[in-house]
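Visitor: Please take one part of this structure and look at it closely. Then follow its links to the rest.

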Amino acid sequence: MHVSGFPFDLSWFLQFIFTAFVIALGLLHLVKNTASKYFTVDSSFEASDPASPLGGRKMPAALATRDSCEVCGNLTKKQCSGCKLVKYCSERCQRTHWNSEHKTKCKDFQLSGKANSMLPAPMQHGRRGSSAVALVPASGTANVVNQPKEILFPYEEFVQLFNWDKPGCPPCGLLNCGNSCFANVVLQCLCHTRPLVAYLLVKGHRRECRRNDWCFLCEFQNHVERASESQHPFSPINILSRLPKIGGNLGYGKQEDAHEFMRFAIDTMQSVCLEEFGGEKALHTSTQETTLIQHIFGGHLQSQVICAKCNNISNQCENMMDLTVEIHGDAASLEECLDQFTVREQLHGDNMYKCDGCNDYVMAWKRLTIRRAPNILTIALKRFQSGRFGKLNKRVTFPETLDLRPYMSEGGDGKDIYKLYAVVVHVDMLNASFFGHYICYTKDFCGNWYRIDDCKVTRADLEEVLSQGAYMLLYSRICARPTCLKPIESLGKEKEFLKLNKKNPASNN
């Protein structure tokens, strides 16, 4: 092809245009990612606009903060994600302040630690009056941590959160951002977990967070606050876009397992709580069980092995954050599945038990039971089989009131009775585990049930809820457990552990 006497290669021209377009997109993505390190990328700015349709349902006045926008002075809860010092009511105010002066000051605040020193005195070291010590920051961790102590979050405060009597609001739908139903149902369940919501709305984590980078608990607090205010569905993209930071193998836009995401989310919140006191390596194992997240979801499983020859009894306990139960044989109810979970198992043949009393491999009996029941009990029915694409769609009934006492170890407090408050359902096609859709049923703090299918929220009755083919069940104790998980006898061991840490600080690095 010739244009005005000059040869013209159309295919080369189209290739040039395409290449330039790809480069432009790449540069735009790079600029966006760079800016996101310093700008609070939060679509919930529109909720603070009085003209927005999302501003119709407000949070109770007692829960509102008194922070003002750096530019216009309006009340706001949003802050710069870099220094966490200045507040903004809208993205426009944030960009105006960023371009005028904050662009150069934000990094200085982070590097010099001025952001923390300029906060009011009660906020500099948290809200519980604990002392702090400066550490060399690692990537993604806090640069100031509190001194380790025996109980990280006072259990008495947790009981007050557990008994929080605010009515709350009906659930707010969440937009599906592309295969995000697995995350939407988990976020809805967590938004109806009373002690967690009470903590985020009443006390809050964002002010005392000392992470240098993105924090899931801070972002979830933003999510809960917006769900409490909004009358219209909104996008949880600020959480979905950072799925790899919650779980290493999770990916945005991929179909994932709701139970796996729930476990990753709870583990991430637990890690955030531990980082406030130096992380796992700085704390004794028993002390790690005294965080807010452990008070909510934590419990103890007991594995008891009895030697069939000398009757020697060996008990081992381990921490649990949920229960995964199999659906075997004729089991048709949750209670029967729990019976199978706690049934005695014979150890023999190639699976014989090495008895300390007999000093030999012998036949033995093993039984799993619940030693300390959690305050919030999450049960996953194992419908997806490892190495298979099929799904067990067998009907398994479940009660509104669950009595956990038959499955407890000896020494339970006799008050391990639970009420159902959330159900996750996997709706599949042709019994396939690799394709389907998640919906959930949640009960608000007034006792009303709702069916939530992404952005669609409708009222439901208890009969409809109990007729579902549940994948995950969330129960709340009728009354909080009397004490935290940490046994009194572990205090002496912990003091020895702390002494060793002080003598050998390098061993924690």
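**Inside and across the fold**

Guide: S286 is buried, at 8% relative accessibility (buried is under 20%, exposed over 50%, partly exposed in between, with a 1.4 Å probe and protein chains only). S286 lies in helix α12, residues 285–288 (helices are DSSP runs of H or I, at least four residues; strands are runs of E, at least two; both are numbered from the N terminus). The side chain of S286 makes a polar contact with the side chain of H284, at 2.8 Å (N or O atoms within 3.5 Å, one able to donate a hydrogen and the other to accept it; sequence neighbours count only through side-chain atoms on both sides).

The model is predicted: local features need pLDDT of at least 70, side-chain atom pairs need 80 or more, and totals for chains, interfaces and linings use all residues. Numbering starts from 1 along each chain, and side-chain values use heavy atoms, without hydrogens or water.

The close look is at helix α7. Helix α7 covers residues 194–203, and seven of those 10 residues are buried, so the helix is largely enclosed by the rest of the structure. The buried residues are P195, L196, V197, A198, Y199, L200 and L201. What covers them? The cover includes five helices: α5 (155–162), α6 (181–190), α8 (216–229), α11 (258–275) and α13 (292–297). The strand β14 (376–381) also belongs to that cover. Just after α7, G204 takes a positive phi of about 85 degrees.

K203, in α7, ties this helix to α5. K203 forms a salt bridge with E157, the closest N and O atoms being 3.5 Å apart (a side-chain nitrogen of Lys or Arg within 4 Å of a carboxyl oxygen of Asp or Glu). That pair links distant parts of the chain: E157 sits in helix α5, 46 residues from K203. K203 counts as partly exposed because its relative accessibility is 21%. E157 is partly exposed too, at 23%.

Two helices in the cover of α7, α5 and α6, are joined by a loop, and S180 is placed in it. S180 counts as buried, at 2% relative accessibility. The side chain of S180 makes a polar contact with the side chain of N176, at 3.3 Å. S180 also touches L175 and L240, leaving out residues up to four places away in sequence (contact means heavy atoms within 4.5 Å). Further along the chain is I237, 57 residues from S180; the two C-alpha atoms are separated by 9.4 Å.

Helix α11, also part of the cover of α7, brings in another charged pair. D322 forms a salt bridge with R263, with 3.7 Å between the closest N and O atoms. This pair too links distant parts of the chain, 59 residues apart: R263 is in helix α11, and D322 is in the loop between β8 (313–320) and β9 (323–325). Buried or exposed, where does D322 fall? D322 is buried, with a relative accessible area of 12%. R263 is partly exposed, at 42%.

From the strand β14, follow the chain into the loop before β15 (401–403), where K382 is found. K382 forms a salt bridge with E326, with the closest N and O atoms 3.4 Å apart. The partners are 56 residues apart, and E326 is in the loop between β9 and α14 (334–341). K382 counts as partly exposed, at 28% relative accessibility. E326 is partly exposed as well, with a relative accessible area of 30%. Elsewhere, salt bridges that share partners join R211, D213 and E275 into one network. The count of salt bridges comes to nine.

Now the cysteines. How many disulfides does a search of the whole structure find? It finds zero (a disulfide is a pair of cysteine sulfur atoms within 2.5 Å). For C310, the closest cysteine sulfur is in C358, 3.5 Å away, which is too far for a bond. C310 counts as partly exposed, at 35% relative accessibility. C337 is buried, at 1%.

One last residue contrasts with the buried side of α7. W12 is found in helix α1, residues 10–36. W12 counts as exposed, because its relative accessibility is 53%.
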